[in-house]
Amino acid sequence: MVQGIGIIGTGDIASQFASQIDQSKYKVVSVFNHKEASLERFLETQNIAHGTTNLDEFLALDEVEVVYIATPNQTHYEYALKALKAKKHVLCEKVMVMEGKEAQALFATAAENNVILLEGVTLFYMPMFEKVRNELQANKIGHISGMNVLFGSCKEFDPTNRFFSKELGGGALFDIGTYALSAAVYFLGTDLKVLASDVELASTGVDEKSMTLLKNDKGQQASVMISFRGRMPKQIVITGDKGFVVIDDFARAEKAVYQMNDGSVEVVDLGEGKDVFTYELDTLNQYIKEAPKTNDLRETTEHVILVMDEMRKRWENN
């Protein structure tokens, strides 16, 4: 079991990670940030003994077994590539990379160096999601016909904010869209393909809102709506010929509600949102021990990023 963690980045999500992991199982042994002042503040706030502004020094530490990457989207690829080549396991925040070819290169590098790479899409690791997926695959609601995913917020437009900056990997797709598309592929499979996609762009050129229709080889459809300029529920609805299941506030959801055609209602309540980073590390250790033969999260990540490639290609041609 790997336990020693090195963190790249010192922002809000890195702070959540450092403070919320189960410290009886895992320990942050070092932190890297190229800005010394930010690094020192983080080390003091999180009570971590070691940090460095030298990436090579950081990756050379034997105590660092897993590298957690919590930096802006456009930096993920280079950091992950260097960590994998240093034979470190990597847990990378979403969106892992911004192009499908980068995802393929990173997974190939991980395999070459006999290490594990996973993306930190929180819903992948919440116990309730795994239980519901297994139940759906066992025909809990019968044959699945379709799925609707909504995820929207109303952010104040600011061209200097990373959310609206192309240079900083902004746009709704690379932020909340990751969750919505990951949910669709997680439940409906890696044969899900884009049928149509429409987008509205902000004046900075990033996607502000979009609607996408997807379909898999079984004829199951998924509609995905995301927005930075209109608040929506964070909701998944999956329909079948025996009933449907609803998951609200789904990024770290603990609860799902089945409503069956016979009028019966069943609630699945499992896991704790505050423990999601520990779940992520536990899953990484499971993959180190034995990779799953089905429902491999790495395949889901790769396919989601390829779907994003296809969406953006369609947007450019509209």
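User: In this predicted model, how many of the 14 residues of H8 are buried?

Analyst: The buried positions of helix H8 include Val276, Phe277, Thr278 and Tyr279 at its start, and Leu284, Asn285 and Tyr287 are also among them. Helix H8 is thus described as mostly covered, and the number of its 14 residues that are buried is 11.

User: What distance separates the end C-alpha atoms of H8, and what span should its 14 residues have?

Analyst: The expectation for H8 rests on 1.5 Å a residue, and for 14 residues this gives a span of 20 Å. The end C-alpha atoms agree with that expectation, because they are 20 Å apart.

User: How far does helix H9 reach from its first C-alpha to its last?

Analyst: Helix H9 covers residues 297-317, which makes 21 residues. At 1.5 Å a residue the expected value is 30 Å, and the model comes close to it, with a reach of 31 Å.

User: Which elements are included in what covers the buried residues of H9?

Analyst: The buried residues of H9 include Leu297, Thr300, Val304, Met308, Met311 and Trp315, and Arg298 and His303 are likewise on that list. The elements that cover the buried residues of H9 include both helices and strands, namely helix H5 (100-112), strand S6 (117-120), helix H7 (176-188), strand S8 (193-201), strand S9 (207-215) and helix H8 (276-289).

User: Is serine 182 buried or exposed?

Analyst: Serine 182 lies in helix H7, and, leaving aside its neighbours within four places in sequence, serine 182 is in contact with Val121, Phe124, Thr300 and Val304. Two of these contacts, Thr300 and Val304, are listed among the buried residues of H9. Because its relative accessible area is 0%, serine 182 counts as buried.

User: Which residue has its backbone oxygen 2.6 Å from a polar atom of the side chain of serine 182?

Analyst: Serine 182 belongs to helix H7, and a polar atom of its side chain lies 2.6 Å from a backbone oxygen. The residue that carries this backbone oxygen is threonine 178.

User: Why is strand S1 largely enclosed by the rest of the structure?

Analyst: In S1, Gly4, Gly6 and Ile8 point one way while Ile5 and Ile7 point the other way, and all are buried. Strand S1 (residues 4-8) is therefore largely enclosed, because the number of its five residues that are buried is five.

User: Which strands stand at the edges of the open sheet of six strands?

Analyst: The strand order is S3-S2-S1-S4-S5-S6, with parallel pairing. The edge strands each have a single partner strand, so one side of each is left without a neighbour in the sheet, and these are strand S3 (51-52) and S6.

User: Which residue in S2 stands opposite isoleucine 5?

Analyst: Strand S1 is joined to strand S2 (residues 27-32) by five bridges, and the two run parallel. Within S2, the bridge partner of glycine 4 is lysine 27, while the residue opposite isoleucine 5 is valine 28.

User: What is the bridge partner of isoleucine 7 in S4?

Analyst: Four bridges join S1 to strand S4 (residues 66-69), and these strands run parallel. In S4, the partner of isoleucine 7 is tyrosine 68.

Conventions:
Residues are numbered from 1 along each chain as its sequence is written. This is a predicted model: local features need pLDDT of at least 70, side-chain atom pairs count only at pLDDT 80 or more; totals for chains, interfaces and linings use all residues. Side-chain values use heavy atoms; hydrogens and water are left out. The expected span of a helix is 1.5 Å times one less than its number of residues. Buried means under 20% relative accessible area, exposed over 50%, partly exposed in between (1.4 Å probe, protein chains only). Contact means heavy atoms within 4.5 Å. A polar contact is a pair of N or O atoms within 3.5 Å; within protein, one must be able to donate a hydrogen and the other to accept it, and residues adjacent in sequence count only if both atoms are side-chain atoms. Two strands pair if DSSP finds at least two bridges between them.
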